[in-house]
Amino acid sequence: MAGNIIKTNKISFGVIIGFLVPILSLFIYYFIKFRMFAISDFFRLLINNKPLLTGVTIICLFLNILIFTFYINSHRDKTAIGLFISTFIYAGTSIIYKYFF
């Protein structure tokens with residue numbers, strides 16, 4: 001069953017993976033580096049500390065890049081396109097927030 005999911009080649013599947021993996025990465029980062037703080041304090045710190053937000057965004061999106069590379073190399077281009085779209089949206093949102101808010 002899990003093998004079939006990995007072999008899926010749909011843009012929508014790539015977008016879903018591309019949005020979920022950075023969220024999972026964010027929570028893993030929180031539990032590794034900031035577990036001594038309440039999660040609400042962690043998010044408040046991210047919102048108020050833009051250099052930290054940039055760093056965390058890069059860390060969270062790095063896993064997307066690795067997964068994107070896997071799908072490109074396995075010739076599942078539609079899933080890779082979905083991953084690229086979601087990665088671009090995440091990065092763009094982070095940049096807009098950093099410079100305009």
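How many residues in the lining of the largest pocket are nonpolar, how many polar and how many charged? The exercises below work towards this and related points.

The structure is a predicted model, in which local features need pLDDT of at least 70 and side-chain atom pairs count only at pLDDT 80 or more, while totals for chains, interfaces and linings use all residues. Residues are numbered from 1 along each chain as its sequence is written, and side-chain values use heavy atoms, with hydrogens and water left out.

**Exercise 1. Describe the largest pocket and the character of its lining.**

Solution. Begin with the terms: on a 1 Å grid over the protein atoms alone, a pocket is an open set of points where a 1.4 Å probe fits, with protein on both sides within 12 Å along at least five of seven lines, and a lining residue has an atom within 4 Å of a point. The volume is the space filled by probe spheres set on the points, which are joined across faces, edges and corners.

Next, the largest pocket has a volume of about 330 Å³. Its lining has 15 residues, and those closest to the centre are Leu26, Leu46, Leu53, Thr57 and Tyr90. Two or more lining residues come from each of α2, α3, α4 (50-73) and α5 (77-100), and α4 provides the largest share, with five residues.

Finally, sort the lining by type, with Ala, Val, Leu, Ile, Met, Phe, Trp, Tyr, Cys and Pro as nonpolar, Asp, Glu, Lys and Arg as charged, and the others, Gly among them, as polar. The outcome is twelve nonpolar residues, three polar and no charged.

**Exercise 2. Place the helices in the chain as a whole.**

Solution. Helices (H or I, at least four residues) and strands (E, at least two) are taken as DSSP runs, numbered from the N terminus. On that basis the protein chain contains five helices and zero strands, and its C-alpha trace spans about 40 × 30 × 20 Å along the principal axes.

**Exercise 3. Find which helix gives the most to the nonpolar surface patch.**

Solution. A patch of this kind joins nonpolar side chains (Val, Leu, Ile, Met, Phe, Trp, Tyr) within 5 Å, using residues with over 30% relative accessible area and no salt bridge; accessible areas come from the Shrake-Rupley method with a 1.4 Å probe, and for residues only the protein chains shown count as cover. The members are Ile16, Leu20, Ile23, Phe27, Phe31, Ile39 and Phe43, with about 610 Å² of accessible area together. Both α2 (11-33) and α3 (39-48) supply at least two residues, but α2 gives the most, with five.

**Exercise 4. Is asparagine 64 buried or exposed?**

Solution. Buried means under 20% relative accessible area, exposed over 50%, and partly exposed in between. Asparagine 64, in helix α4, is buried because its relative accessible area is 0%. Its C-alpha atom is separated by 8.9 Å from that of phenylalanine 19, 45 residues apart along the chain. By contrast, histidine 75, in the loop between α4 and α5, counts as exposed because its relative accessibility is 65%.

**Exercise 5. Which side chains meet in a salt bridge?**

Solution. The criterion is a side-chain nitrogen of Lys or Arg within 4 Å of a carboxyl oxygen of Asp or Glu. A search of the whole structure finds one such pair, and the side chains of arginine 44 and aspartate 41 meet in a salt bridge at 2.7 Å, N to O. Both residues lie in helix α3, three residues apart, about one turn of the helix. Arginine 44 is partly exposed because its relative accessible area is 46%, and aspartate 41 is partly exposed at 33%.

Notes. Patches are made of residues with over 30% relative accessible area and no salt bridge: like charges are joined within 9 Å, nonpolar side chains (Val, Leu, Ile, Met, Phe, Trp, Tyr) within 5 Å. Buried means under 20% relative accessible area, exposed over 50%, partly exposed in between (1.4 Å probe, protein chains only).
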